[in-house]
4 protein chains.
Amino acid sequence: MNSVILKFQCPDQKGLVAAITQFVYRNGGNVVNLDQYTDEDRKMFFMRLEWDLKGFRSKPEDLKKVFAAFLKKQKIIAAWELFFSSRRERMAVMVSRFDHCLFDLLYRHQAGELGCDISVILSNHDELRDLAEYFKVPFLCVPVENGKTMRDSERRQLAVLRESRSDFVVLARYMRILPPAFLRAYPWKIINIHHSFLPAFKGAKPYHQAWERGVKIIGATSHFVTEELDQGPIIHQDVVRVSHKDRVDDLVIRGRDIERQVLAEAVKLYLGKRIFVHGNKTYIL
Amino acid sequence: MNSVILKFQCPDQKGLVAAITQFVYRNGGNVVNLDQYTDEDRKMFFMRLEWDLKGFRSKPEDLKKVFAAFLKKQKIIAAWELFFSSRRERMAVMVSRFDHCLFDLLYRHQAGELGCDISVILSNHDELRDLAEYFKVPFLCVPVENGKTMRDSERRQLAVLRESRSDFVVLARYMRILPPAFLRAYPWKIINIHHSFLPAFKGAKPYHQAWERGVKIIGATSHFVTEELDQGPIIHQDVVRVSHKDRVDDLVIRGRDIERQVLAEAVKLYLGKRIFVHGNKTYIL
Amino acid sequence: MNSVILKFQCPDQKGLVAAITQFVYRNGGNVVNLDQYTDEDRKMFFMRLEWDLKGFRSKPEDLKKVFAAFLKKQKIIAAWELFFSSRRERMAVMVSRFDHCLFDLLYRHQAGELGCDISVILSNHDELRDLAEYFKVPFLCVPVENGKTMRDSERRQLAVLRESRSDFVVLARYMRILPPAFLRAYPWKIINIHHSFLPAFKGAKPYHQAWERGVKIIGATSHFVTEELDQGPIIHQDVVRVSHKDRVDDLVIRGRDIERQVLAEAVKLYLGKRIFVHGNKTYIL
Amino acid sequence: MNSVILKFQCPDQKGLVAAITQFVYRNGGNVVNLDQYTDEDRKMFFMRLEWDLKGFRSKPEDLKKVFAAFLKKQKIIAAWELFFSSRRERMAVMVSRFDHCLFDLLYRHQAGELGCDISVILSNHDELRDLAEYFKVPFLCVPVENGKTMRDSERRQLAVLRESRSDFVVLARYMRILPPAFLRAYPWKIINIHHSFLPAFKGAKPYHQAWERGVKIIGATSHFVTEELDQGPIIHQDVVRVSHKDRVDDLVIRGRDIERQVLAEAVKLYLGKRIFVHGNKTYIL
């Protein structure tokens, strides 16, 4: 099916659903999926609307202009985006040395679980090159060192993302902090996996912290990257039961399973255009 | 808020969402929640639409007629119902001797978790009368014995449900099979809890069966009652991990926790008007 | 069966299991259950050993002395306790106004899930008296106010616990901090339920904190009370998935289910003599 | 650490733990881990005992004889096995065309999660050869067709397992039924993964069955292979929540995650010598 997804959010007001679905209907489109949520505490309206483009009167290339004009006429002010099923998104994956999340994403990509292309695997180390080659995905190593060469390296990394026409970035256990320029280039488009059940055990060595504290459940958290470390809007979380029998190494092994699943789920939600951000929270429609 | 919920299902066709949300908008209503799902395998459309009645032009008592006329004019043939927030539903609970599910429902009712009234607790035994009295809920005992008095007893039970103006019936571990007359009187309005993860361990003594088979997880299933035992559309299920250390009695204890939670969740989904039935499946919107 | 449980912990050394099981065997006892764990990081040995007293040569009333003499002879220095199945423990429950955890404990007690007596329900408010009376359990209200009467009130509370011959204390959402005298009187014998997945959301209003942070999973934590608030050794935790659709009130409702289950499980582990504490961690055998 | 694990099971009798731990102690061994369970319904005793061989008086190569003599003298009749940590087991993996379970096992093996060698990947198709080669693991294809060549092919398969000195066999979505000769050659040593929450949805196409029935949770089951299809003792199970939104293909994708985790866990339990079989059940110590 050739369809388009509208992501739409604005302060709540009367008649939004009616107006927009009428816009679709009068132009000959058929609503395939509509998910809508109103946050009554924050008086915010969120909608994800997918319609079949078969028989739709506006050409895809004009739709953005036509819909903007419609909203203007209706005096609706909102944040919105359109995503066409005919265009596959391009995902960049940034890694360091850990391979479990990358492995998992590559496997799922190959198995057809992710409806996207992989634009590049960008690493600050060379260890995972073989893995990328096995899956026939481009791999680029840009070493990054603390010190005066760091800014240059980061500029090269950004250039790689740009030149590979990456639409969004997944940090698959990338072990460095990204500078603000990345956030400006990819607003709400950089997804991280943190190996704890945030906000518990922020920062470094969360499995060690969990072992010390003696928790009975550990977890992983996928979130959008923001300037504050480990503080961005949470996309997805999952947990696994552990016990006193699990030493730190056991927590790491159990955690790997959770990390890769949580990250994969977040990527799927992202690709499905299901994640809305408002304040520091996500709404998953 | 004074609102109304429309449950609506029909074979999929173009423009349904637009038409119905326009109906609401033109009559001065504001959509508060819209959940919609299209089953692409079965080509069926399901929608749960809630709107604020403040400023709505049709009076609640006329709405059914007005909406029917609208659908007729639009040539839309569908199954639909309207539920007004101003009217609390009346729940009958049928029990035998087990008290855990009844306890749980009564506690949740008292705590304000369930937005309904309890019309009657109807039992074929007298053991749970004290419990009902503690919660100040009417209790009636109609003994039912196999044999020639059985039909009479069942007629009396149905009369109790009718006279208590019960809108729907919850079988909170009621240990007998209901005759077809109940199903005709309460179509898709009788909710049962079965103490296994259906379709595993249908029939009697599921915990014994689970112990014999050595499963590592047990569960409970809430479903609508149909003429075929344990075969009705599944509303909700949950599970709990068990081990070889759990003897049958332990499974029963662990199962109680799951049973009561699964049943409570099913009742909440029912009261929220979120359960749609098509074929032998539910769609939870 | 008339049996005894030995809880035993000490720095790891050779031959501990052999020595102690031989002690049992030579005295005519039969090991029914043996659970043992060695923490290799901390070089600590933990053992829970249950044996049948039928045919055992020492009288129960002498066993403590006999076993101590045995250990002395073997030059084994350890922390240990003996619990006889013939003696039911007496549980005090402290509450304020929330009833869900108390309800749950009373229900489970009545249903025979907890093999203990309830010595007293001790509250600083009078609201839950009816509930206690329904279950025919003694209820005492000792109001506690901040200010100069506070110490007196706390002394009266301690006197109640003592006079009711309470063996251990469960804080079933008791909303005040206990002074050190309680901890001295009941070392590792006061169990609290905290309504968050500790260490996330320590302190007050964890559900509000969780809502603000936008987590996708909430939880509850049962732990031993120590002088540091919400920092004691964790006994049990569980979680439940939530979403952006859950407002604070919804989190509270979902949380109640988790709180009561986690607390009940912790009480069962305690009564089963399965919880060992070392450092700030528990070992559940 | 150089250690040995004893797996031991027999009808329950007095003094078993004492006798065996004394045997270890008197020979200079130190118990590192002891897990013991008595099934009171079946009057069966199970024990997994690991001891450090440092300072142990018997040579490893004599231990079997020495322990047998000890049992004879004590008049203890039991089923038992010894496993030396110095000897890595050799795992054969049988596959057809599905790659997700194989991928997962190979990844975990490479990551050091599984303490075993992979003796051979044996397939009836050639598709997964590249994958095996990437991981540098021997791959052999023995085509098997129904008809008169089938018995020959099966004999060749068995020869491959024997010649590769495989200790146990993992069916990682191998899509054929093994003949009895395999079961005789590898008694309780063939582990299968079934893509449903057994005993629900036995036989073919369980995801289709699950979709038809409208269950709200799907699962996977790892079990020992026996002559009755899908009826062997269950080793491990896990589940995942699904909804009406999941079409059969979605169930397959979600199921893959569960299948590979359940199978990996079963393999780890097997390698840890934690699985005991009695009747048609497993006891996991």
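The following exchange concerns salt bridges, burial and one chain interface in a predicted model.

Colleague: Why is Arg108(A) called buried?

Modeller: Buried means under 20% relative accessible area. Arg108(A) has 2% relative accessibility, so Arg108(A) counts as buried.

Colleague: What makes the pair of Arg108(A) and Glu113(A) a salt bridge?

Modeller: The criterion is a side-chain nitrogen of Lys or Arg within 4 Å of a carboxyl oxygen of Asp or Glu. The side chains of Arg108(A) and Glu113(A) meet at 3.0 Å, N to O, and therefore satisfy that criterion. Glu113(A), at 11% relative accessibility, also counts as buried. Both residues belong to a network of salt bridges that includes Asp104(A), Lys268(A), Arg256(D), Asp257(D) and Arg260(D). Over all chains, a search of the whole structure finds 82 salt bridges.

Colleague: Why is Arg48(C) said to form a salt bridge with Asp35(C)?

Modeller: The N to O distance is 4.0 Å, and the rule admits pairs within 4 Å, so the pair is counted as a salt bridge. Arg48(C) lies in strand E3 (residues 44–52) of chain C and Asp35(C) in strand E2 (residues 30–39) of chain C, 13 residues apart.

Colleague: Are Arg48(C) and Asp35(C) buried or exposed?

Modeller: The relative accessible area is 3% for Arg48(C) and 13% for Asp35(C). Each value is under 20%, so each residue is buried.

Colleague: What makes Arg241(D) and Asp238(B) partly exposed?

Modeller: Partly exposed covers values between the 20% and 50% limits. Arg241(D) is at 40% relative accessibility and therefore counts as partly exposed. Asp238(B), with a relative accessible area of 27%, is likewise partly exposed. Arg241(D) forms a salt bridge with Asp238(B), their closest N and O atoms being 3.2 Å apart. This pair crosses between chains, from strand E11 (residues 234–241) of chain D to strand E11 (residues 234–241) of chain B.

Colleague: How do you know that Ser164(A) is buried?

Modeller: Its relative accessible area is 11%, which is under 20%, so Ser164(A) is buried. Ser164(A) is placed in the loop between helix H5 (150–163) and strand E8 (168–171) of chain A. Not counting residues up to four places away in sequence, Ser164(A) touches Arg90(A), Ser119(A) and Val120(A).

Colleague: What does the side chain of Ser164(A) reach?

Modeller: The side chain reaches the backbone oxygen of Val160(A) at 2.8 Å. The limit for a polar contact is 3.5 Å, and the distance is therefore within it.

Colleague: How many residues of chain C are in contact with chain A, and what area do the two chains bury?

Modeller: In chain C, 35 residues are in contact with 35 residues of chain A. The two chains bury about 3300 Å² between them, with 54% of it on carbon and sulfur atoms. Arg213(C), Lys216(C) and His244(C) supply 22% of the area that chain C buries against chain A, more than any other three residues.

Colleague: What makes Asp41(A) and Arg247(C) a salt bridge across this interface?

Modeller: Their side chains meet at 3.0 Å, N to O, and the cut-off is 4 Å, so the pair is a salt bridge. The count between chain C and chain A is six salt bridges. The rule also finds 22 residue pairs in polar contact across the interface, both residues being at pLDDT 80 or more. On the side of chain C that touches chain A, E11(C) gives the most, with seven residues. By class, that side has 15 nonpolar, eight polar and twelve charged residues.

Technical notes. Residues are numbered from 1 along each chain as its sequence is written. Chains are lettered from A and ligands numbered from 1 in the order in which they are written. This is a predicted model: local features need pLDDT of at least 70, side-chain atom pairs count only at pLDDT 80 or more; totals for chains, interfaces and linings use all residues. Side-chain values use heavy atoms; hydrogens and water are left out. Contact means heavy atoms within 4.5 Å. Buried area is the accessible area (1.4 Å probe) that two parts lose on being put together, summed over both. A polar contact is a pair of N or O atoms within 3.5 Å; within protein, one must be able to donate a hydrogen and the other to accept it, and residues adjacent in sequence count only if both atoms are side-chain atoms. Helices (H or I, at least four residues) and strands (E, at least two) are DSSP runs, numbered from the N terminus. Ala, Val, Leu, Ile, Met, Phe, Trp, Tyr, Cys and Pro count as nonpolar, Asp, Glu, Lys and Arg as charged, and the others, Gly among them, as polar. Buried means under 20% relative accessible area, exposed over 50%, partly exposed in between (1.4 Å probe, protein chains only).
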